[in-house]
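Reader: I am new to this structure and would like to understand how it is put together. Could the discussion proceed by question and answer?

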Amino acid sequence: MNLVELAQRIRTARIAKGLTLDQVSESSGLGKGLLSKVENFRVTPTLPTLAKLCEALGVKLSELLDGLDAKPKLSVV
């Protein structure tokens, strides 16, 4: 699973909704520091954490995880 892509998707979803880390922290019950670490790929979120994030961001867990198992395309030059 591409965890860096997951972190980017979480940040993108938050910004697209116009939410701050403080707002997501309040609505999810997760600490602002934890959210920042998840978005910056310092911490790998657990499934319960992802579920809370999805609820706070108004996205489905399947949307965040879709395609993360796909192998990246490689070009050898």
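Author: One definition is needed at the outset: a contact means heavy atoms within 4.5 Å. The model discussed here is a predicted one.

Reader: How many helices and strands does the protein chain have?

Author: From the N terminus on, the elements of the protein chain run α-α-α-α-α. The count of strands is zero, and that of helices is five.

Reader: Which helix gives the largest share of the largest nonpolar core?

Author: The largest nonpolar core has 16 residues. Two or more residues come from each of helix 1 (3-16), helix 2 (21-28), helix 3 (32-39) and helix 4 (47-57). The largest share of this core is five residues, and the element that supplies it is helix 4.

Reader: Which residues does Leu53 touch, not counting residues up to four places away in sequence?

Author: Within the largest nonpolar core, Leu53 and Ile10 touch the most other members. With residues up to four places away in sequence left out, Leu53 touches Ile10, Val24, Leu30, Leu35 and Val38.

Reader: What percentage of the residues in the protein chain is buried?

Author: A residue is buried when its relative accessible area is under 20%. The protein chain has 77 residues, and the buried part of them comes to 30%.

Reader: How much of the accessible surface belongs to carbon and sulfur atoms?

Author: The accessible surface of the protein chain is about 5,300 Å². Of this surface, the part that belongs to carbon and sulfur atoms is 54%.

Key
Residues numbered from 1 in each chain as written. Predicted model: local features only at pLDDT ≥ 70, side-chain atom pairs only at ≥ 80, totals over all residues. Heavy atoms only, no water. Core = buried A, V, L, I, M, F, W, Y, C linked by side-chain atoms within 4.5 Å. Buried < 20%, exposed > 50% of the residue type's maximum accessible area, 1.4 Å probe, protein only. Helix = DSSP H or I, 4+ residues; strand = E, 2+ residues; numbered from the N terminus. Areas by Shrake-Rupley, 256 points an atom, 1.4 Å probe, with all protein chains shown as cover.
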